[in-house]
Amino acid sequence: MRPIAVFVCLASVLGGGVGLHAEDWPQWRGADRRGLWTETGIVETFPRAGLQVDWRVPIHEGYAGPAVADGRVFVTDARHLGVFDVVERIVCVDELSGEVLWTYEWEASYTALSTTWATGPRATPTVDGDRVYALGATGMLHALNVETGELLWTRSYVDEYDTEIPTWGLAGAPLVDGDLLIALVGGQPDAKVVAFDKLTGEEVWRALSSDSEPGYSAPIIIDAGGTRQLIIWHPEAVASLDPETGEVHWEQPVRAGAGMSVATPVHSGRQLFVSSFYNGSLMLGLSADRPDASVSWRSNSESEILTEALHAVVNTPVVRDGYVYGICSYGQLRALDAATGERLWETQAVTRERARWASGFIVQHGDRFFINNDRGELIIAHLTPEGYDEVSRTQLIEPTTRPGNRRELRNVNWSHPAYANRHIHARSDRELLRASLAAADYE
């Protein structure tokens, strides 16, 4: 696998950001990977005619959501040359105009991926100052200059770490922490997680045995027990590491069938929550005075149909004010008591259809939530222990991805949007768009 080309557009780049530069979305799930959007001046309800779309840019296939930083939008995609031979790339777009500023491409083979979902990259780009990091579905990691697209360094997980590509490809977006870029590599020996020097790409440390699959969950860093802890959720355990050295603080066994540790772990106070498709949920209690954890409660069911608590798939749940809200295996939005795992209510209203893997991505905005479901709709709702209260719903983007099972709609949309500068940035297998969520645009 080798780079093919760098194409640089000589259009002007916005050096100072965007107008009222309120908030960027520079990585998976936004700032600190919390799925929390804090901008003000946002619409209370959607206009009857739908959202104002500023621009649409044609792109190729992929699941990776966009990242937005300093006046630029970054997204990865893949152009298919055959069933398994593809050209992956990262695209940089001007946030205001939608003009393509540059692209960078590389070859990849999807022979190790499940044919049904062998479409394109999965991991949202990670932007850090003047650099952006892009991960392809087969473990090609690239560091590029955000202004020009110049390749700064690259690492191949397969060639350099003997990584065995999991069924659904490499999906855990790399995480910048200080001078390090921390990546879920799944390599040998004992290189499930690798920290690279973010400037040079040189390995700094490696950790955790790769006797089991790496899973698909993006790493996060939390503050708990008086310690900064790097949380890695892989199909056999939730692990806490020292982000500076890779030393393991603690590891709690929890199985995720078929390697499906997908959703990002959710940290709230002294609680850490994970949920998977077959095996349901695990709530960990975090020690107050040291880096340690114990099981508060866990699910017993290993069925995708006879479910307990919450069996999430690609969507990351929310823990708020002592309650868990998340979408279960067949699209049921559920509320749980975070202390016990008791189910309080469920509704099919968000996804409309009770179908395998029906889903939506939940982002908190003040006392309400924005949810983009896999039908391409965007929803504003209140989630409380008493129930689901839908405020507004609009069609955001046409779904274009094959779901791999029979659905009411032929296609789905399984990409997390970016909320930045009072706009939403969303992608499908055909287009990347920017639509306004600013109240002032609809007055």
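Are Y133 and W153 buried or exposed? Let me begin there, with the reminder that everything I show today comes from a predicted model. Both Y133 and W153 are buried, and I will come back to how their rings sit once we have looked at the aromatic pairs in general.

The structure holds 17 aromatic pairs, and I have picked two of them. A pair of aromatic rings is described by the distance of the centres and the angle of the planes. For W117 and W357, the ring centres are 5.7 Å apart and the planes stand at 80°, so this pair is edge-to-face. W117 belongs to the loop between β6 (100-109) and β7 (126-128), while W357 belongs to the loop between β26 and β27 (360-365), so the pair ties together parts that lie 240 residues apart in sequence. Both W117 and W357 are buried. Returning to the opening pair, the rings of Y133 and W153 have centres 6.0 Å apart and planes at 45°, so this pair is tilted. Y133 sits in strand β8 (residues 131-135) and W153 in strand β10 (residues 151-156), 20 residues apart, and the pair thus links distant parts of the chain. Beyond these pairs, there is also one aromatic cluster, formed by W25, W37, F46, F370 and Y419.

Now to the sheets. Strands of a sheet pair through backbone hydrogen bonds, either parallel or antiparallel. One open sheet has 4 strands, in the order β23-β24-β25-β26, with antiparallel pairing. At its edges stand β23 (318-320) and β26 (343-347), and each has a single partner strand, so one side of each is left without a neighbour in the sheet. On average, neighbouring strands here are turned by 15° against each other, direction ignored. Inside this order, β24 (residues 323-327) and β25 (residues 333-337) run antiparallel and are joined by 5 bridges, with G326 standing opposite R334 in β25.

Another open sheet, again of 4 strands with antiparallel pairing, has the order β2-β33-β32-β31. Its edge strands are β2 (53-58) and β31, each of which pairs on one side only. Between β2 and strand β33 (residues 431-436) there are 5 bridges in the antiparallel sense, and W55 stands opposite R434 in β33.

Let me turn next to strand β16 (residues 227-234), which is mostly covered, since 6 of its 8 residues are buried. Strand β15 (residues 220-224) runs antiparallel to β16 and is joined to it by 5 bridges, and I221 stands opposite L230 in β16. These two strands form a hairpin with 2 residues between them, where G225 in the turn has a positive phi of about 60°. On to strand β17 (residues 237-241), which is also antiparallel to β16 and joined to it by 5 bridges; here W233 stands opposite V238 in β17, and a hairpin through 2 residues joins β16 to β17.

I will finish with a single residue, T400, and ask where it is found. T400 is in the loop between β30 (387-395) and β31 (418-420). Why does T400 count as buried? Its relative accessibility is 11%, and the cut-off for buried is under 20%. The side chain of T400 reaches the backbone nitrogen of D429 at 2.8 Å. Leaving aside residues up to four places away in sequence, T400 touches N411, V412, S428, D429 and R430.

Definitions and conventions: Residues numbered from 1 in each chain as written. Predicted model: local features only at pLDDT ≥ 70, side-chain atom pairs only at ≥ 80, totals over all residues. Heavy atoms only, no water. Buried < 20%, exposed > 50% of the residue type's maximum accessible area, 1.4 Å probe, protein only. Polar contact = N/O pair within 3.5 Å; in protein donor to acceptor, adjacent residues only side chain to side chain. Contact = heavy atoms within 4.5 Å. Pairing = 2+ DSSP bridges. Axes fitted to C-alpha atoms, helices over the stretch in contact; angles between N-to-C directions. Phe/Tyr/Trp six-rings, centres within 6.5 Å; stacked < 30°, edge-to-face > 60°.
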